[in-house]
Amino acid sequence: MKTAVMSLHNIDVTEFLDVLDSCQGNVYLVTNEGDKLNLMSKLSQLVGLSRLIEGGKITEAYVICDNMEDESKLFRLNMFGESNRTA
C-alpha cells in the first residue's frame, strides 16, 4: 500500500541518495509532468534526478513510498536536513 505523496524541497542530492540506499520498500519520484520513476533502480535515479537537479539541489519533486519507515526517513531529511539511517 502506497503512503501519501511528500513534496521535496532543496534536498542535498548526496544525502538523498544515501537515504534511498537504506530504504526497504519502493520509493517513486513523481514529476510535475506525471513521470513516475522507481528510485530503487540506480538507472532511474540517474535519469530522474539528472532532470531535476539545479545547482546541486533537487528543485521540485514528489515521492511516494511503499514503506512507512522509508517515508519517515525521507521526511526527516526533507524537513530537517538530517536522516536517521543508523537508527
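## Exercises on a predicted model

Asp 66 counts as partly exposed, at 24% relative accessibility. The model behind these exercises is predicted.

**Exercise 1. Place Asp 66 in the fold, and find how far it is from Gly 25 in sequence and in space.**

Step 1. Locate the residue. Asp 66 sits in the loop between strand 7 (61-65) and helix 3.

Step 2. Check its exposure. Partly exposed lies between the 20% and 50% limits. Asp 66, at 24%, therefore falls in that class.

Step 3. Compare the two separations. Asp 66 and Gly 25 are 41 residues apart in sequence. Their C-alpha atoms are 5.4 Å apart in space.

**Exercise 2. Do the same for Glu 69 and Cys 23: what are their separations in sequence and in space?**

Step 1. Glu 69 belongs to helix 3 (residues 68-80). Its relative accessibility is 58%, so Glu 69 counts as exposed.

Step 2. Cys 23 is buried, with 6% relative accessible area.

Step 3. The pair is 46 residues apart in sequence. From C-alpha to C-alpha, Glu 69 and Cys 23 are 8.0 Å apart.

**Exercise 3. How many disulfides does the structure hold, and where is the cysteine sulfur nearest to that of Cys 23?**

Step 1. Searching the whole structure gives zero disulfides.

Step 2. Take Cys 23. The nearest cysteine sulfur belongs to Cys 65, 6.2 Å away. For Cys 65, in turn, the nearest is that of Cys 23.

Step 3. Apply the cut-off. A disulfide needs the two sulfur atoms within 2.5 Å. At 6.2 Å, Cys 23 is therefore in no disulfide.

Step 4. Add the burial. Cys 65 is buried, with a relative accessible area of 1%. Cys 23 is buried too, at 6%.

**Exercise 4. Find the salt bridge and state which elements it ties together.**

Step 1. The count comes to one salt bridge.

Step 2. Its partners are the side chains of Lys 42 and Asp 21, at 2.6 Å from N to O.

Step 3. Assign the elements. Lys 42 lies in helix 2 and Asp 21 in helix 1 (residues 13-22), so the bridge links parts 21 residues apart in sequence.

**Exercise 5. Compare Leu 43 and Ser 44 in helix 2: which is buried and which is exposed?**

Step 1. Leu 43 is in helix 2 (residues 42-52). Ser 44 lies in helix 2 as well.

Step 2. Read the accessibilities. Leu 43 is exposed, at 59%. Ser 44 is buried, at 16%.

Step 3. Follow Leu 43 outward. Together with Leu 46 and Val 47, Leu 43 makes a nonpolar surface patch of about 310 Å².

Step 4. List what Ser 44 touches. Beyond its neighbours within four places in sequence, its contacts are Leu 37, Asn 38, Leu 39 and Leu 49. Its side chain also reaches the backbone oxygen of Asn 38, at 3.4 Å.

**Exercise 6. Describe the whole protein: what is the order of its elements, and how much of it is buried?**

Step 1. Count the elements. There are three helices and seven strands. From the N terminus the order is β-β-α-β-β-α-β-β-β-α.

Step 2. Assess burial. Of the 87 residues, 40% are buried.

Step 3. Turn to the surface. The protein exposes about 5,000 Å², and carbon and sulfur atoms supply 52% of that area.

Step 4. Examine contact range. Among contacts with a separation of 6 or more, 67% join residues 24 or more positions apart.

Key
Residues numbered from 1 in each chain as written. Predicted model: local features only at pLDDT ≥ 70, side-chain atom pairs only at ≥ 80, totals over all residues. Heavy atoms only, no water. Buried < 20%, exposed > 50% of the residue type's maximum accessible area, 1.4 Å probe, protein only. Patch = residues over 30% accessible without salt bridge, like charges linked within 9 Å, V, L, I, M, F, W, Y side chains within 5 Å. Areas by Shrake-Rupley, 256 points an atom, 1.4 Å probe, with all protein chains shown as cover. Salt bridge = Lys/Arg side-chain N within 4 Å of Asp/Glu carboxyl O. Helix = DSSP H or I, 4+ residues; strand = E, 2+ residues; numbered from the N terminus. Contact = heavy atoms within 4.5 Å. Polar contact = N/O pair within 3.5 Å; in protein donor to acceptor, adjacent residues only side chain to side chain.
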